[in-house]
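Work through the exercises below with the sequence and the structure side by side, and try each task before you read its solution.

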Amino acid sequence: MRQRLSSEPDRYRGRRRVPTPPRSRYAAVVTTAFFGAGIVALGAGAMPDAKSVSPSVLDELKAASTVNQDAAARADSADRASRDSTRAAGAEDAAEREACRLPLQDYEFNTPYGMRWGKLHTGIDLVAAEGTPYVAIHSGTVTKAGWFGGYGYTVIVQHADGSEAIYGHSSALSVQQGQQVKAGDQLGLVGNTGHSYGSHLHLEVHVKGEPLDPVPWLQERNVDIKLQIEAL
Ligand SMILES: [Zn+2]
């Protein structure tokens, strides 16, 4: 955006080199030459000599036009370059926003989303040693970083599309409420706080305030969180 703005004045300056006076002079010369031809009989001395005027005006026009073309070409290429880099940066930003990551690299996919002990387990459990750093699966704003009842020490990140990721049972938190995070940024350390039966990360994804299975949600974003189970 900054690049685009700075290129505008250059372009404008280039455009402003359009030589308006030579253009109107050229029109005057053409008129004079045409007119002059018709009244040659009245005496050459009475009219300006078109031949003596036109070469210098034409040269000037030609020079002005060349300068103008150069300026326009430079402005255009600068403009194109800035548009390209703006587009590239925009695509990068979009990719950054879209990107999803695994919250942990080394874990055991322990409990899926679904009914467990007669209750809905609203997330997935990823077993890892206490103190293992876990990261944000997606960029967003930290809307909670603290104790959250049965979830123990918890981080909630709200994504740009309004969906949320909840990371529960942490032993320690690495972020604060209000902080912006990108996918892959460390949020906390895996732990066993709250209603937990062993050191693990409990991960939930909420869309429109309702929990859903994070596995397909992540799969749609090119992250296969269950692949680890097959690898083990
Ligand atoms: Zn769980």
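**Exercise 1. Find the protein donors of the zinc ion and describe how they are placed along the chain.**

Step 1. The zinc ion has the protein donors His121 (NE2), Asp125 (OD) and His202 (ND1), which lie 1.9 to 2.1 Å from it; donors are N, O and S atoms within 2.8 Å of the metal (3.2 Å for Na, K and Ca), and since water is not among the atoms, sites may look incomplete. This is a predicted model, in which local features need pLDDT of at least 70 and side-chain atom pairs count only at pLDDT 80 or more, while totals for chains, interfaces and linings use all residues. Residues are numbered from 1 along each chain as its sequence is written, and side-chain values use heavy atoms, with hydrogens and water left out.

Step 2. Along the chain, the donors follow the spacing H-x3-D-x76-H. His121 belongs to strand E3 (residues 119–121) and His202 to strand E12, so the pair ties together parts that are 81 residues apart in sequence. Strands (E, at least two residues) and helices (H or I, at least four) are DSSP runs, numbered from the N terminus.

Step 3. His121 counts as buried because its relative accessibility is 5%, and His202 counts as buried at 6%. Buried means under 20% relative accessible area, exposed over 50%, and partly exposed in between (1.4 Å probe, protein chains only).

**Exercise 2. Describe the surroundings of His200: is this residue buried or exposed?**

Step 1. His200 is found in strand E12, which covers residues 200–207, and with a relative accessibility of 1% His200 counts as buried.

Step 2. The side chain of His200 reaches the backbone oxygen of Gly198 at 2.8 Å, and a polar contact of 3.3 Å joins the side chains of His200 and Ser196. A polar contact is a pair of N or O atoms within 3.5 Å; within protein, one must be able to donate a hydrogen and the other to accept it, and residues adjacent in sequence count only if both atoms are side-chain atoms.

Step 3. Leaving aside neighbours within four places in sequence, the residues in contact with His200 include Asp125, Gly168 and Val190, where contact means heavy atoms within 4.5 Å. Asp125 is also one of the protein donors of the zinc ion.

Step 4. Gly198 sits in the loop between strand E11 (186–189) and E12, and, again leaving aside neighbours within four places in sequence, Gly198 is in contact with Gly191 and Asn192.

**Exercise 3. Follow the pairing of strands E6, E7 and E8.**

Step 1. Strand E6 (residues 140–147) and E7 run antiparallel and are joined by 6 bridges; two strands pair if DSSP finds at least two bridges between them. Thr154 in E7 is the bridge partner of Gly146.

Step 2. E6 and E7 form a hairpin with 5 residues between them, and Gly149 in the turn has a positive phi of about 55°.

Step 3. E7 and E8 run antiparallel as well, joined by 5 bridges, and Ile156 stands opposite Ile166 in E8. These two strands form a hairpin with 5 residues between them, where Gly162 in the turn has a positive phi of about 95°.

**Exercise 4. Decide how far the model can be read.**

Step 1. The protein chain has a mean pLDDT of 75, and 56% of its residues reach 70 or more; pLDDT is the predictor's confidence in each residue, from 0 to 100.

Step 2. Over residues 1–53 the pLDDT is below 50. Where pLDDT is low, the predicted coordinates should not be read in detail.
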